[in-house]
Amino acid sequence: MELIDNHTHLNDEPFRGKEEYYLERAKALGVTKVICAGQDPDFNQRAIDLADRFDEVYAMVGYCPDVAKDFDQKAEDELIEQLQMPKVVALGEVGLDYYWDESPRDVQRGVFARQIEIAHELKMPVNIHTRDAFEDCYNILKNSNLEYGAILHSFNGGVDWLNRFLKLNVYFSYSGVVSFTKATEVHESAKSVPMDRFLIETDAPYLTPKPYRGHQNETGYVRYVAETIAKLKGITLDEVAKATYANTVRVYDLK
Ligand SMILES: [Zn+2]
């Protein structure tokens, strides 16, 4: 069995200097590939460095909503250069965050839409963060060319949003949230998501799944996300592993 954590922050503070240790622990749980998410210039560079260092690590780079206000021509030129590096497999995480509102909303929307265009020009998928902003996110995606796919990271919508986004070339990535007892809407969407349209992730160090809630999350724990979805769908862990592995390799064009 092989699992892929398609959105993790191995480049974040708690893992620094201990990346190899966490990748070994992940391997012991069946996790053989991870995609490290960038979000700002510092994290983007750290994601690329880890992808250079470890065979099993890939990187994505982008300007998340918090730093959308800093996205100028120089930033765009640098991002385009980084996106063309061999182990950079997606543009992300980018999107809209109307909960923290660290950049003005119109700026968030403009920078999000522009980065989707860049991804399309480079024939790459986009990894999307959306918080309290489904309606605007949906409208931007509907008006974008998603020929190379988009992934809604830590998808926390219910069946209604699932069905709307399914009409676009969008994949749904489930995090530890799907294991939370109270996340009933997410349980329903995980039950009904088609087998060829979902992925799994940790978003570590955040969103620790059961049975480790209350502890720091780590990339290996994507296994517990997979186990939860298997139970919800009434299928085996192996079937979840096979489907999500194939879906991840397809959308990110992993070599
Ligand atoms: Zn993240």
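In the predicted model, F165 has a relative accessibility of 0% and therefore counts as buried. The ring of F165 is paired with that of Y138 in an edge-to-face arrangement, with 5.4 Å from centre to centre and 80° between the planes. Y138 is also classed as buried, since its relative accessibility of 11% lies below the 20% limit. Helix α5, residues 134–142, carries Y138, while helix α6, residues 159–166, carries F165, so the contact between the rings ties together parts of the chain that are 27 residues apart in sequence.

A further edge-to-face pair is formed by F155 and Y174. Here the ring centres are 6.2 Å apart and the planes meet at 85°. F155 belongs to the loop between β6 (150–152) and α6, and Y174 to strand β7 (residues 170–174). The two residues are 19 positions apart, and their pairing links distant parts of the chain. F155 is buried, with a relative accessible area of 2%, and Y174 is buried as well, with a value of 0%.

Across the whole structure, the search gave 16 aromatic pairs. One aromatic cluster is made up of F134, Y138, F155, W161, F165, F172, Y174 and F198. The residues of both pairs described above, Y138 with F165 and F155 with Y174, are thus among the members of this cluster.

Helix α6 contributes several residues to the protein interior: W161, L162, F165 and L166 are buried. When the helix is viewed down its axis, the buried residues fall within an arc of 135°, so they line one face of α6. The elements that cover these buried residues include α5, β6, β7 and α7 (184–192).

Aromatic rings also take part in arrangements with charged side chains. R105 lies over the face of Y98, at 4.2 Å from the ring centre. In a second case, the charged end of R131 is placed over the ring of Y99, at 3.7 Å from its centre.

The unreviewed UniProt entry lists H7, H9, E93 and D203 under "binding site". These residues are spread over 197 residues of sequence, yet they cluster in space, with a largest C-alpha distance of 10.9 Å. Of the listed residues, H9, E93 and D203 are included in the lining of the largest pocket.

H7 is located in strand β1, which covers residues 3–8. Its relative accessibility is 0%, and H7 therefore counts as buried. When neighbours within four places in sequence are left aside, H7 is in contact with I35, A37, M60, E93, N127, H153, E201, T202, D203 and A204. Two of these contact partners, E93 and D203, also appear with H7 in the UniProt list.

I200 is part of strand β8, residues 198–200. With a relative accessible area of 0%, this residue is buried. Apart from residues up to four places away in sequence, I200 touches L3, I4, D5, N6, S173, Y174, V222, V225, A226, I229 and T244. Among these is Y174, the residue of strand β7 that pairs with F155. The C-alpha atoms of I200 and Y245 are separated by 9.0 Å, although the two residues are 45 residues apart along the chain.

Methods
Residues are numbered from 1 along each chain as its sequence is written. This is a predicted model: local features need pLDDT of at least 70, side-chain atom pairs count only at pLDDT 80 or more; totals for chains, interfaces and linings use all residues. Side-chain values use heavy atoms; hydrogens and water are left out. Rings of Phe, Tyr and Trp (its six-membered ring) pair if their centres lie within 6.5 Å; planes under 30 degrees apart count as stacked, over 60 as edge-to-face and the rest as tilted. Helices (H or I, at least four residues) and strands (E, at least two) are DSSP runs, numbered from the N terminus. Buried means under 20% relative accessible area, exposed over 50%, partly exposed in between (1.4 Å probe, protein chains only). A charge sits over a ring if NZ of Lys or CZ of Arg is within 6 Å of the ring centre and within 35 degrees of the ring normal. The arc is that of the directions from the helix axis to the C-beta atoms. Contact means heavy atoms within 4.5 Å. UniProt positions are given in the numbering used here, feature names are shortened, and annotations may be inferred rather than shown by experiment. On a 1 Å grid over the protein atoms alone, a cavity is a set of points where a 1.4 Å probe fits but cannot get out, and a pocket is an open set with protein on both sides within 12 Å along at least five of seven lines; lining residues have an atom within 4 Å of a point.
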